[in-house]
Amino acid sequence: SLGIVFGDIGTSPLYTLKACFNSSSLGVTPTMESVFGVLSLIFWALLLVLTLKYVTVVLRAQFQGEGGIFAMLSLIKGAEHGKGRALRTGLIFMVAICGAALLYGDGVVTPSISVLSAAEGLESISTRFEDYIVPIALVVLVGLFLWQRIGTQKIAIIFSPIMILWFVAMGVFGLMSIVKTPQILEAVNPAYAIDLFQSQPGRAFILLSLVVLCITGGEALYADLGQFNRRSITIAWCGIVWPSLLLNYFGQGAWLLGQTHAGKWGLPAPETDIGNPFFQIIPDMFSWPMIGLAMLAAIIASQAIITGLFSLTRQAIQVGLLPFMRIVHTSGEKEGQIYLPAVNRAMGAGCILAVLIFLTPEHLAAAYGVAVTTVMTTTTILLAVVARKVWKWPTFGIVPMIIVFLVVDLSFLGANLFKIPDGGWFPLVIAGVMILLMTTWRAGRAALAKQNPEVVEPLADFLSQVPVRKPTRVPGTGVFLTALKDTTPSSLVSLYSRMPVLHERVIILSMVPSPVARLPRSKQLEVEELDHGFCHVEGHHGYLQIPNVPRLLQLARNRGLDIEIDELSYFTRREIVMTGGSSSMWAWRKGLFAWMARNASSMTDVFELPSGQVVEIGLRVDV
């Protein structure tokens, strides 16, 4: 969990304090009072949001061992009963769409700001590197996304040791700085944060939009729960990550305090350039190693969010919010390690665009936080429903807890709204595009089903006609996929109506998604022998599992089904969407849906069929 879960939050010290005291429009002047106030805000943000909210409470909300917004929604839907259930389910579904879309927006900014901040460490060695920071960051980002196709399996073993070294180094250098100015430890007193709000209420409130950078990795704690477990995440956070972060933040604060005591500052924030406190507290002899280590940590942090968005996209596909995309497994041992080329290309382009638009970590900091604070607020609201309906906690225990969490979340969210003109629009635009795509795909599929109702022929009726028509039987085994167990596959109906020929062996195969995250092999397969050489195979898979048809048929063969995997012929149907239908969708949205349908992966990719054994039957449909 050290190598995956905490990559994002582990790199936040690279840019948080620098943004708080360097931002021309949002930051504060680096004075003794402001240094104590900002450090106090960071200390209590880490305590209240990450330690108390996420590690202590939210990680309890597990669905079949999985975490994340989809897991919480599954818990709530499972507990819903009675009137109004459809309305509540619809609202929950919209919450899922908005939450997922916002994570896409923040996921593009995370690699950009992490890599750019790490590259900026070169400035601490020589100003001659200033013109090379953006090109270096772009090269690293391009390499990062090109490398995704290889997968994390081969290098995952080095992630945790690198992050352990990173956290230990941060803690040690922070402690060395604290020893020189130990009075900085007084910042744990919340009175300093209160004093900052009393002396500069407006500026202090807006400052929260930068302080939130220290907790932006909080959602990863919950989203990655299924890959590890609550105990390992809690031990890693309390034993290594949290102490190291506090030591480093307070070490940077001690250096800043030393500069204010030396009388170096006191200028208005727009004229103040403090450099990067993270690299300032590092002794010269360790500058180059720490820059290299920072770059590796930034890459690992980026890898964590990229992998998370791969998983999120797969879940969105499985619940019908996005069209089918090609999914590549990068590990033969861990099913969760996947690679989506289309998502990878889009994220890579987004990150490069973000760097070219904003150019500096300070400007990117203005774009960072709007989306994630909205997701954090949504998590708190859903947590209240889970605590009441699923855990059955008493109201008098839920209300104070939720009020505290909501006050903190809404304060951060409200402050981040001021960042929209300065860059917060960027992740919101990405989120808006994703909301448009997901709602269009969902509406288009519903309109398609209404405008082009399938002629459903019961499988029993089709089988009863086989001995009557006496079709020609050809050698081999044909596999026809269908969504419903008792209906004849449309590909079989279309083919048989034009060519009354059947294979000697016909397998009707249906894949049934399960509301649980993962199913054991013992529950993934049901085989039923039918008349006239027909057989029905029903596969079951969790929402985090890829419906791999060849693997399922191999499992069926191991259980006694008489087939040769390499000699099967797979028959699928592909819809060719036309926009001339009478649905109520706007014309431009019909065009968008048709474009998404054309670019969707075929059933061959979705069910991982061997392309050389597939026959695809096209069908024109109107929307």
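Where in the chain is the place of Leu2? Select Leu2 to begin: this residue sits in the segment before helix H1 (7-10). Please note that the model on display is a predicted one.

**Stop 1: the start of the chain**

Keep Leu2 selected. Because its relative accessible area is 11%, below the 20% limit, Leu2 counts as buried. Now display the surroundings of Leu2. Leaving aside neighbours within four places in sequence, its contacts are Ser160, Met163, Ile164, Phe167, Ala236, Ile240 and Val241. Add Ile235 to the selection: the C-alpha atoms of Leu2 and Ile235 are separated by 9.8 Å, although their positions lie 233 residues apart in the count along the chain.

**Stop 2: the whole chain**

Zoom out and show the chain as a cartoon. The protein chain contains 23 helices and eight strands. Of its 623 residues, 56% count as buried. Among the contacts with a separation of 6 or more, 83% are between residues 24 or more positions apart. With the surface switched on, the accessible area of the chain is about 26,100 Å², and 62% of this belongs to carbon and sulfur atoms.

**Stop 3: helix H14 and a nonpolar patch**

Select residues 341-358, which form helix H14. H14 has 18 residues and reaches 26 Å from its first C-alpha to its last, close to the 26 Å expected at 1.5 Å a residue. The buried residues of H14 include Met347, Cys351, Ala354, Val355 and Phe358. Just after the helix, Leu359 takes a positive phi of about 70°.

Ile357 also lies in H14. Is Ile357 buried, partly exposed or exposed? Its relative accessibility is 39%, so Ile357 counts as partly exposed.

Next, select Leu353, Ile357, Trp425, Val429 and Val433 together. These residues form a nonpolar patch on the surface, with about 420 Å² of accessible area together. Helix H14 and helix H18 (420-451) each supply at least two residues of the patch. H18 gives the most, with three residues.

**Stop 4: paired strands**

Select residues 472-482, strand E3, and residues 501-513, strand E4. E3 and E4 pair in the parallel sense over nine bridges. Within this pairing, Val474 has His503 in E4 as its bridge partner. Strand E3 also pairs with E7 in the parallel sense, over four bridges. To view one position there, select Phe480, which stands opposite Phe571 in E7.

Move on to strand E5 (residues 525-529) and strand E6 (residues 534-541). In which sense do E5 and E6 pair? The two strands pair in the antiparallel sense, over five bridges. Glu529 has Cys535 in E6 as its bridge partner. The hairpin of E5 and E6 has four residues between the strands, and His532 takes a positive phi near 60°.

**Stop 5: the salt bridges**

Side chains of opposite charge can pair when their charged atoms come close. How many salt bridges does the structure hold? There are three salt bridges to visit.

- Select Lys53 and Asp409, whose closest N and O atoms are 2.7 Å apart in a salt bridge. The pair links distant parts of the chain, with Lys53 in helix H3 (residues 32-57) and Asp409 in helix H17 (residues 395-417), 356 residues apart. Both Lys53 and Asp409 are buried.
- Select Arg505 and Glu529, which form a salt bridge with the closest N and O atoms 2.8 Å apart. Arg505 belongs to strand E4 and Glu529 to strand E5, 24 residues apart. Arg505 is buried, with a relative accessible area of 16%, whereas Glu529 is partly exposed at 48%.
- Select Arg557 and Glu564, whose side chains meet in a salt bridge (3.5 Å, N to O). Arg557 is partly exposed, with a relative accessible area of 34%, and Glu564 is partly exposed at 43%.

**Stop 6: towards the end of the chain**

Select Gly580, in the loop between strand E7 (568-578) and H22. Since its relative accessibility is 66%, Gly580 counts as exposed. Leaving aside neighbours within four places in sequence, Gly580 is in contact with Asp622 and Val623. Gly580 and Asp622 are 42 residues apart in sequence and 5.8 Å apart in space, C-alpha to C-alpha.

Finish with helix H22 (residues 587-599), which has 13 residues and reaches 19 Å from its first C-alpha to its last, close to the 18 Å expected. Colour its buried residues: Lys590, Leu592, Phe593, Ala594, Met596 and Ala597.

How values were computed. Residues are numbered from 1 along each chain as its sequence is written. This is a predicted model: local features need pLDDT of at least 70, side-chain atom pairs count only at pLDDT 80 or more; totals for chains, interfaces and linings use all residues. Side-chain values use heavy atoms; hydrogens and water are left out. Patches are made of residues with over 30% relative accessible area and no salt bridge: like charges are joined within 9 Å, nonpolar side chains (Val, Leu, Ile, Met, Phe, Trp, Tyr) within 5 Å. Accessible areas come from the Shrake-Rupley method with a 1.4 Å probe; for residues, only the protein chains shown count as cover. A salt bridge is a side-chain nitrogen of Lys or Arg within 4 Å of a carboxyl oxygen of Asp or Glu. Buried means under 20% relative accessible area, exposed over 50%, partly exposed in between (1.4 Å probe, protein chains only). The expected span of a helix is 1.5 Å times one less than its number of residues. Contact means heavy atoms within 4.5 Å. Two strands pair if DSSP finds at least two bridges between them.
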